[in-house]
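Student: I would like to take a close look at a single part of this structure. Could you please guide me through how that part is held against its surroundings?

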Amino acid sequence: MSKEFWRWPEYRRTVPGKDWKNAEVVTAGVDIGSVSSKAVIMTDGELYAYSIMRTGSSSPDSAQKAMDRALEETGMKLDDIKYTVGTGYGRVNVPFANRAITEIACHARGANYIWGPKVRTVLDMGGQDCKAIHCDERGKVTAFLMNDKCAAGTGRGMEVFADLLSVPIEEVGPMSLSVDKEPEPVSSTCVVFAKSEAVGLLRKGWPKNMVLAAYCSAMANRVSELLEKIKVEKEFVITGGIAKNIGVVKRLENIIGFKALPIQEKFDPMTAGSIGAALFAKALYERSAKST
Amino acid sequence: MTTAGIDMGARNIKVVILKDNKILSKGIALSGFDQKASAEKAFNETLTKAGLSHDDIKRIVATGAGKDVAPYANSEISMMGADALGGAYLFPSARTVIDVGAEEGRAVKCDDKGKMIDFVINERCAAGAGTFVEAMSRALEVKLEEMGPLSLKAEKAVPMNAQCTIFAESEVVSLIHAKTPKADISKAIHDAIADRIASMTRRLGIQRDVILVGGVAKNVGFIESLKGALGVDLLVPDDPEFVGAIGAALAPAK
Amino acid sequence: MIVHYGYKDGSGEYFISVDTDKCNGCGDCVEACPANVLEMTTMMIDLEDKLVAAVTEEHRNKIKYSCAPCKPEETPPCVSACKQAAITHTWKPQ
Ligand code: SF4
Ligand code: SF4
């Protein structure tokens, strides 16, 4: 198999300069997706530590592994966490969770926390999915859309093209902008058929940068159509792997008519669901503490 | 009267010559880079096989995805119309014709005269057509023609979750890593596409007899999986990939 | 919040959208659906648990096929069953 550029590394992180022992309440969110498992620990509703791991064949084991990794180096034990919410497709299989909440509710809540109420539109394009979220001026999520069915419009689709043309993924964007004239976008949406189309273009003598330009602009068109469904307004942020591809971002900004906010890497967008879960955990904990 | 049908498929070009509703000869060629040139060659070879010359052919009707660039044609018919006519010609009892080709899956409802009543189509997504099986055979490192027989040897049903060809490739690779027998993976692949084709066909209401045509109808693994998914028996003609071309050759003058 | 379940792929655009503000949790759409595509799920909205309609995970990525017999471009059973008008379909084969 060819090199898989889209593979992400497993890792953990503790936010520097915080002591969890000073916190009043420690809560956690665990998001078990089909591909990755994320655990987030929050102190008084602020991000404290997290881990991102690959999901194995068993959800309970994956949950445990992600949690253990997040706890590493913190000196914290599972017992120190007051309330844990599980989310994602494996949410009912998180053995140490107090309850489960659907990933859509958690994603919406997490997006809001990460990007703040000023942001109206969020586009998160990861390796295997694409999410679009719209929030109102009160910071409430008004629309949510996730597409993880089709590889077109995900990092994986771009990866297939990078492989086909033997261009490192990080060079795709700049290379696609180095054309004298913008070519017609690739007409097939389907990555499989777009690939055959690209092979045809190369045979006709098109240089690589033209083929990449044709694909980046097809992807920008496609993403803008998804955004239309949830209504795109300022401020607009793009996260996930595709945010780093200026070939797609520039073309997308041209289509929608305004610019995306600059990338902030303060939070890993992959953790949005688990952050939402940990925030719900805090609220639920406080409510149950009040009622007893 | 002698007529010819040319089916300009995405993968193969099929030519059929009919005389008074009897098949005189058939020809097939890869569509290749220059579809028109390949079609000319296939057509002339099929003529020679029938011992005829171009002037003997009263009418030449084109169908298929590339019908606009078909050579010699003086008329054309939709792929669905051709499926219905060709299907009813081979099996007069056919009321539902399912055609799965390289880049498209279709189902056509027809009457006893081969007239199309309704149709449903899946196109432009490789996951609903023969390309899906081709891509999976590459991921599985099994020759395409061996996929079907291999699938019949499966012992266990394993689910495939990905609904996209690209994601399914990765799923097949991880099934291989998990030491799943290749026969079981092959069945999972055929079950997955059969499930999509069956659900698509349900839109028409499944009326018997159901016949299966198109290039993918040569795959015994797919036939078995589709029977299971539809819950009815399927009639499959010999040379199922020629049904469209036969239908075109039968098309009435416009 | 409007949750769009479904996808856009090479063959077109297929979405079932549920307005969780309008949905009152009655479950009529789930009853009406012949293909078990819909379910009631508890969603956390403004910190309250709310029972709302959703598309099952099993069907989310294949509604084009699962819903085909209903002809969703007309008015499918789930939409007619919903008195709150909380469900809409987008069906745009290309
Ligand atoms: S259109 Fe192509 S890329 Fe998209 S789901 Fe279908 S097979 Fe996959
Ligand atoms: S369109 Fe039909 S199958 Fe689809 S959700 Fe509605 S009732 Fe169910």
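Tutor: What follows is a description of chain C and its two interfaces, with a look at chain B afterwards. Please bear in mind that the model is predicted.

Let us begin with the interface of chain A and chain C. Here 31 residues of chain A are in contact with 25 residues of chain C. Between them the two chains bury about 2,300 Å², and carbon and sulfur atoms account for 53% of that area. On the side of chain A, the three residues A:Ile104, A:Lys149 and A:Lys229 provide 25% of the area that chain A buries against chain C, more than any other three residues.

Charged pairs also cross this interface: seven salt bridges are counted between chain A and chain C. A:Lys229, already named for its buried area, forms a salt bridge with C:Glu13, with 3.8 Å between the closest N and O atoms. Another salt bridge joins the side chains of C:Lys8 and A:Glu225, at 2.8 Å from N to O. That pair crosses between the chains, with C:Lys8 in strand β1 (residues 2–9) of chain C and A:Glu225 in helix α6 (residues 208–230) of chain A. For the structure over all chains, the count is 37 salt bridges.

Polar contacts can be counted here too, and ten residue pairs are in polar contact across the interface of chain A and chain C, both residues being at pLDDT 80 or more. Several elements of chain A take part: α2 (103–115), β9 (141–147), α6 and α8 (272–291) each supply at least two residues of the side that touches chain C. Of the elements on that side, β9 of chain A gives the most, with seven residues. By class, the side of chain A that touches chain C has 17 nonpolar, four polar and ten charged residues.

We turn now to the other interface of chain C, the one with chain B. This contact takes 13 residues from chain C and 13 residues from chain B. The area buried between chain C and chain B is about 1,100 Å², with 50% of it given by carbon and sulfur atoms. Three salt bridges are found across this interface. A salt bridge links C:Lys62 with B:Asp195, whose closest N and O atoms are 3.5 Å apart. Four residue pairs are in polar contact across the interface, both residues at pLDDT 80 or more. The side of chain C that touches chain B consists of four nonpolar, four polar and five charged residues.

Finally, chain B has an internal boundary of its own. Its domain assignment gives domain 1 (1–91 + 241–254) and domain 2 (92–236). The C-alpha centres of these two domains of chain B lie 25 Å apart. Contact between them involves 15 residues of domain 1 and 26 residues of domain 2. The two domains of chain B bury about 1,600 Å² between them, 67% of it from carbon and sulfur atoms. In domain 1, B:Arg11, B:Met80 and B:Phe91 lose the most area to domain 2, together 41% of what that side buries. Three salt bridges are counted between the domains, and the side chains of B:Asp83 and B:Arg106 meet in a salt bridge at 2.9 Å from N to O. Helix α2 (residues 79–90) of chain B gives the largest share of the side of domain 1 that touches domain 2, namely ten residues.

Terms used:
Residues numbered from 1 in each chain as written. Chains lettered and ligands numbered in written order. Predicted model: local features only at pLDDT ≥ 70, side-chain atom pairs only at ≥ 80, totals over all residues. Heavy atoms only, no water. Domains from an automatic or database assignment. Contact = heavy atoms within 4.5 Å. Buried area = accessible area lost by both parts, 1.4 Å probe. Salt bridge = Lys/Arg side-chain N within 4 Å of Asp/Glu carboxyl O. Helix = DSSP H or I, 4+ residues; strand = E, 2+ residues; numbered from the N terminus. Polar contact = N/O pair within 3.5 Å; in protein donor to acceptor, adjacent residues only side chain to side chain. Nonpolar A, V, L, I, M, F, W, Y, C, P; charged D, E, K, R; others polar.
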